[in-house]
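Let's work through a few exercises together, with the sequence and the structure open beside you. Try each task before reading on to its solution.

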Amino acid sequence: MARPTPPGKGTTPPKRTRIGTLDIIIVILGVVFIIGYNRLSIAKLQRSLPNANSQIVGEWKSTRGPEHLVFRTDKSVSMIFPTPAPATPSASQTEAPAQMAPAPEAEAGAALTAPETAAPLVGKYQLSEAGKVFLDLSNGKRYSTIITPQNKNRFDLIDGYTDAVTTFERVPPGEGEPKEATSP
């Protein structure tokens, strides 16, 4: 009697399947299609989300005080604290004797001086998801806020250390610019 052959010996190896050029082209085109489809979906999603940077750029004024915030496109911010305007002289002070009247040149120079403002605090702002904005000013203070599409012209600025809230509203274009004097 003949001995049985042990498994694996004397058998032919299985045939290998060759990968054809057409198969490689189909795989490459499939990967490129998937990448392109994902990129188009991401672009569509980016267009549908609000852009907090374009919503915050501009000048904002505090509703309860004289503070102004100016956001710029280069991610810098300035907080301006205007000094109070000098008090106007009373009627008794304006009635000066004729010999003590100031020269017309001095009056013209005094009329051209602009109200002084304190040096603005400068800093940077950072945007994060869902319209959250962080402000870091040069005096070390950190503030945060959220810009929402429903309320694009108003936000509450929250102090990072005291949690104090200050409401700011957008200054309409042209309101913060000096007005030209018109002659009658």
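**Exercise 1. Classify D136, then find its salt-bridge partner.**

Solution. Please keep in mind that this is a predicted model.

Step 1. D136 has a relative accessibility of 26% and counts as partly exposed, because the partly exposed class lies between the buried limit of under 20% and the exposed limit of over 50%.

Step 2. Look next for a positively charged side chain: the side chain of D136 meets that of R142 in a salt bridge, at 2.7 Å from N to O.

Step 3. Classify the partner in the same way. R142 has 32% relative accessibility, so R142 is partly exposed too.

**Exercise 2. Work out which parts of the chain the K141 and D159 pair ties together, and whether each residue is buried or partly exposed.**

Solution.

Step 1. Start with the distance: the closest N and O atoms of K141 and D159 are 4.0 Å apart, and the two residues form a salt bridge.

Step 2. Place both residues. K141 sits in the loop between strand 5 and strand 6, while D159 belongs to strand 7, so the salt bridge ties together parts that are 18 residues apart in sequence.

Step 3. Check the accessibility. K141 is partly exposed at 34%, whereas D159 is buried at 7%.

Step 4. Find D159 in the strand pairing as well. Strand 6 (residues 142-146) and strand 7 (residues 154-159) run antiparallel and are joined by 2 bridges. Within this pairing, D159 of strand 7 is the bridge partner of Y143.

**Exercise 3. Describe the salt bridge between R154 and E169.**

Solution.

Step 1. The closest N and O atoms of R154 and E169 are 2.5 Å apart.

Step 2. R154 lies in strand 7 and E169 in strand 8, so this pair ties together parts that are 15 residues apart in sequence.

Step 3. Both ends are partly exposed: R154 has a relative accessibility of 35%, and E169 has 34%.

Step 4. Now for the tally: the protein has 3 salt bridges.

**Exercise 4. Trace the strands and say what they close into.**

Solution.

Step 1. List the elements. The protein has 4 helices and 8 strands, and from the N terminus on they follow the order α-α-β-β-β-α-α-β-β-β-β-β.

Step 2. Recall the general principle: strands of a sheet pair through backbone hydrogen bonds, in a parallel or an antiparallel way.

Step 3. Begin with strand 1 (residues 58-62) and strand 2 (residues 68-71), an antiparallel pair with 4 bridges. The two strands form a hairpin with 5 residues between them, and E59 stands opposite V70.

Step 4. Move on to strand 3 (residues 76-80), which is joined to strand 4 (residues 121-127) by 4 bridges, again antiparallel. Here M79 stands opposite L121.

Step 5. Strand 4 also pairs with strand 5 (residues 132-137), in the antiparallel sense and over 5 bridges. G123 has L137 of strand 5 as its bridge partner.

Step 6. Look for the link back to strand 1. Strand 8 (residues 165-170) runs antiparallel to strand 1, with 3 bridges joining them. S62 is matched with F168 of strand 8.

Step 7. Put the pieces together: the 8 strands close into a barrel in the order 1-2-3-4-5-6-7-8, with antiparallel pairing. The twist from one strand to the next averages 30 degrees.

**Exercise 5. Find which residues form a nonpolar patch on the surface, and classify V32.**

Solution.

Step 1. The patch is formed by I19, I24, I28 and V32, which together have about 400 Å² of accessible area.

Step 2. V32 is located in helix 1 (residues 21-48). Its relative accessibility is 51%, so V32 counts as exposed, given that the exposed class starts over 50%.

Step 3. Set the patch beside the whole protein, which exposes about 14,900 Å², 60% of it supplied by carbon and sulfur atoms.

**Exercise 6. Locate P172 and say how far its C-alpha atom is from that of N153.**

Solution.

Step 1. P172 is in the segment after strand 8, and P172 is partly exposed at 41% relative accessible area.

Step 2. The C-alpha atoms of P172 and N153 are separated by 9.3 Å, the two residues being 19 residues apart along the chain.

Key
Residues numbered from 1 in each chain as written. Predicted model: local features only at pLDDT ≥ 70, side-chain atom pairs only at ≥ 80, totals over all residues. Heavy atoms only, no water. Areas by Shrake-Rupley, 256 points an atom, 1.4 Å probe, with all protein chains shown as cover. Pairing = 2+ DSSP bridges. Buried < 20%, exposed > 50% of the residue type's maximum accessible area, 1.4 Å probe, protein only. Patch = residues over 30% accessible without salt bridge, like charges linked within 9 Å, V, L, I, M, F, W, Y side chains within 5 Å. Axes fitted to C-alpha atoms, helices over the stretch in contact; angles between N-to-C directions.
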